[in-house]
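Trainee: I'd like to learn how to read a model like this one, feature by feature. Can we start with a single residue and work outwards?

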Amino acid sequence: MSKEAMQFFRAGGFDQARLETGADILALDTLDQKLWVALACPVDGLEFDRQTLSLLDLDGSGRVRAADILREIAWLKTVLADPEELVRPGVDLRLLAINADSEAGARVLASARRILAHQGRPDAETLALSDALDTESIFQSTRFNGDGVVPVATAGDDPDLIALINDIIQCQGATTDRSGADGVTLDTITAFYSAVVEATGWLDGDSGLAGTPDGAEALLAVREKIDGYFLRCQLAAYRRDATDLLNPGPDLLGQLADKGLSDSLALLTPLPLAEVHAEGSLPLRSGVNPAWGAALEAFRQQVVLPVLGECETLTMAQWQDICALYQPRLEWMAQEPTSAVMTLGAERLRQIAGQNRQADLEALVASDLAVARDVEAIEEVERLLRLRLGLHRLLNNFVSFRDFYAGRGKAIFLAGRLYLDGRSADLCVRVNDVAAHATLAALSRIYLVYCSCQRKGGSEKMTIAAAFTVGDSDQLMVGRNGVFYDREGRDWDATIIKIVDHPISLGQAFWSPYKKFAKMINDQLEKLATLHSQQSPLSSFQLPVAPPAAASAPAPAAKTPAPAAASPAPAVPAAFDVGRFAGIFAAIGLAVGAIGTAIASVVTGFLRLTWWQMPLAVLGLVLVISGPAMVIAYLKLRQRNLAPILDATGWAVNARVRINIPFGNSLTTQARLPAGAVRSLHDPFAEKKQPWGVYLVLLAACVLAGAVWWSGLLPL
């Protein structure tokens, strides 16, 4: 820890911790959190290594909090012998900076040297992050790696164990080992052997059952059809005239005359197995439905012959005896396990159950997990390397906003730069929900422009909020397009979709009253012109339209239809009545007269002033008009605060991060010609200029002469 007092710098109107050395970083646990600029930040949407932020976000909440940073600092105190390694330039970690005297440091140091040894550099004194991330090469030559996954290579030269691991992977699925190979875990081993025990128990239940599995399959293939046949025979015995209805007629059989084999079989399949008759015996060979001939022959060979011997027909009683004989086997078959181990076959399942190598596999898993502590140290090496690379920068955007105010680097919450309306805005942040963000960001008193950005034909999209702190808002409106460059230099098409209006600059505030007055005059003139054009007599004047010329030959007379209801005649526009608008014209005349009288009074009063009082009067008039707007704008500009903008994106800003006028001017840049540029003022398409300068000089001379004469200094 630093023995010196912690230093602070002032920016944005408040004091911020100056973190220059590694000792300053490790001393952060002594800094009151009320002095931290931020207490939390989101993991996503920042221009910072997301893996490092995820490492700090131990609870997976999606946010990094002050407590997460303090936890890492406490760990660094036990691991590092030289805290200045946290601020040293470069990307490699010096092994000499690791504290070998502490338990945590010794474990990290041993793991770092193990990584270097696997890479063929056992004597190296520095380690890069890429070395620690190359876990596949680290663990390829290691039998156990602490992840609890046993690949085939772990079985060594034992062929039975190798075959068993492959069977488990086939039936239960594979888990990827740290080395990149497929393997099994304790859970998959347990599930596999449970399925094997269930399957072999079911297979053993076959002993003592009548019939054969093939016979049961043949019986199931025709069981429903035979049951249906004997039911129809019972109906035929119940009612003699039912025979004709139960057997297919000539019309149905006649449909087979022009059908192919597949279509014929499709028509025959729903028909009974044989001709239905009251005697109720099923022929097994002749007189059988051709669509069921093969299935019925398999039933005769597999079931009837072994049970009844050679016979040509099957009675209903014989059929019931066969079903009763096969019922236990059918029930056993219905209980067949559905697990994937059944694909291994009965012989292989009995072999696996007989070998019983489950204990050997579980021992391999235990041996692998036994080195988990050493392997976790490799993850701690990655943790140390990531903190060595990014912690100092993160703290300068978390504990303090030095990167934002000092301008030495880009703050991690800045998304890029927006070019729009002849200006570039550097204060741009990513936004997920525009409506929610704008609600809170409006409290910042900063003029914000929300832009929808896309590139590659719309396949990549994002939304940003850009702050404009220089110029005016005259040409900033929804729908305008610009170009946004992200931190990687990629360009995006940007379109304004929402604006949060606030004062931008004092210049805008100075001219705003005159612009509003000019806009009001323009709107009134447009309304007056519109009203005049609508009420003008010429607006209702219509040229007479000549009737169409008659045809050269008269058309034959046609029978006149009955007259329909008369349609209303078109309305005739009323003639312009001057009297109706006499009051309006009188009011306009009075207003013009009043304005003229007021102007004359002002001019008269102005001319009565002495010559040196006239400039002061003009200046006072300007201050009266523009002064209030400038004062209000100045007060609002001094109150601009970055905190609501960041809070709306998931930050927890702990200070009033103010953006005063000078600093705001640095966040937005207007278009300027480069130094030493040569300008040609000749514009061939410029509008013809009026000699307003001459007019103003003559007017000033007349006013001055009148003032001198009015004061009596100039005799008649």
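Mentor: Sure. This is a predicted model, and a good place to begin is Thr 243, which counts as buried because its relative accessibility is 19%, with the cut-off for buried being under 20%.

Trainee: Where does Thr 243 sit, and what is it in contact with beyond four places in sequence?

Mentor: Thr 243 belongs to helix H10, residues 242–246. Once you set aside neighbours within four places in sequence, its contacts are Ala 236 and Val 276.

Trainee: Now Asp 206: buried or partly exposed?

Mentor: Partly exposed, because its relative accessibility is 24% and buried means under 20%. Asp 206 lies in the loop that runs between helix H8 (186–204) and helix H9 (213–238).

Trainee: Which residues does Asp 206 touch, leaving out those up to four places away in sequence?

Mentor: Arg 329 and Trp 332. Look at Met 333 too: 127 residues separate it from Asp 206 in sequence, yet their C-alpha atoms are 8.9 Å apart.

Trainee: How do I read the shape of a helix? Take H13: what does it span between its end C-alpha atoms?

Mentor: Compare the span with that of a straight helix. For 16 residues you'd expect 22 Å, but H13 (residues 293–308) spans only 19 Å. Then check for a bend: H13 has one of about 40 degrees at Arg 300.

Trainee: Which residues of H13 are buried, and what do they pack against?

Mentor: The buried set is Leu 296, Phe 299, Arg 300, Val 303 and Val 304, so Arg 300 is both on that list and at the bend. Their packing partners are H9, strand S10 (281–283), strand S11 (313–315) and helix H14 (316–334).

Trainee: What follows H13?

Mentor: Gly 309, with a positive phi near 85 degrees.

Trainee: And cysteines? How many disulfides are there?

Mentor: A disulfide is a covalent bond between the sulfur atoms of two cysteines. This structure holds zero of them. Cys 311 counts as buried because its relative accessibility is 14%, and Cys 323 is buried as well, at 12%.

Trainee: Last one: what is the average pLDDT, and where does it stay under 50?

Mentor: The protein averages 82, and 82% of the residues score at least 70. Residues 549–553 stay under 50, and the model gives them zero contacts beyond four places in sequence. Residues 555–566 are also below 50, again with zero contacts beyond near neighbours in sequence.

Definitions and conventions. Residues numbered from 1 in each chain as written. Predicted model: local features only at pLDDT ≥ 70, side-chain atom pairs only at ≥ 80, totals over all residues. Heavy atoms only, no water. Helix = DSSP H or I, 4+ residues; strand = E, 2+ residues; numbered from the N terminus. Buried < 20%, exposed > 50% of the residue type's maximum accessible area, 1.4 Å probe, protein only. Contact = heavy atoms within 4.5 Å. pLDDT = per-residue confidence, 0-100. Expected span 1.5 Å × (residues − 1). Bend = angle between axes of the 7 residues up to and from the residue. Disulfide = S-S within 2.5 Å.
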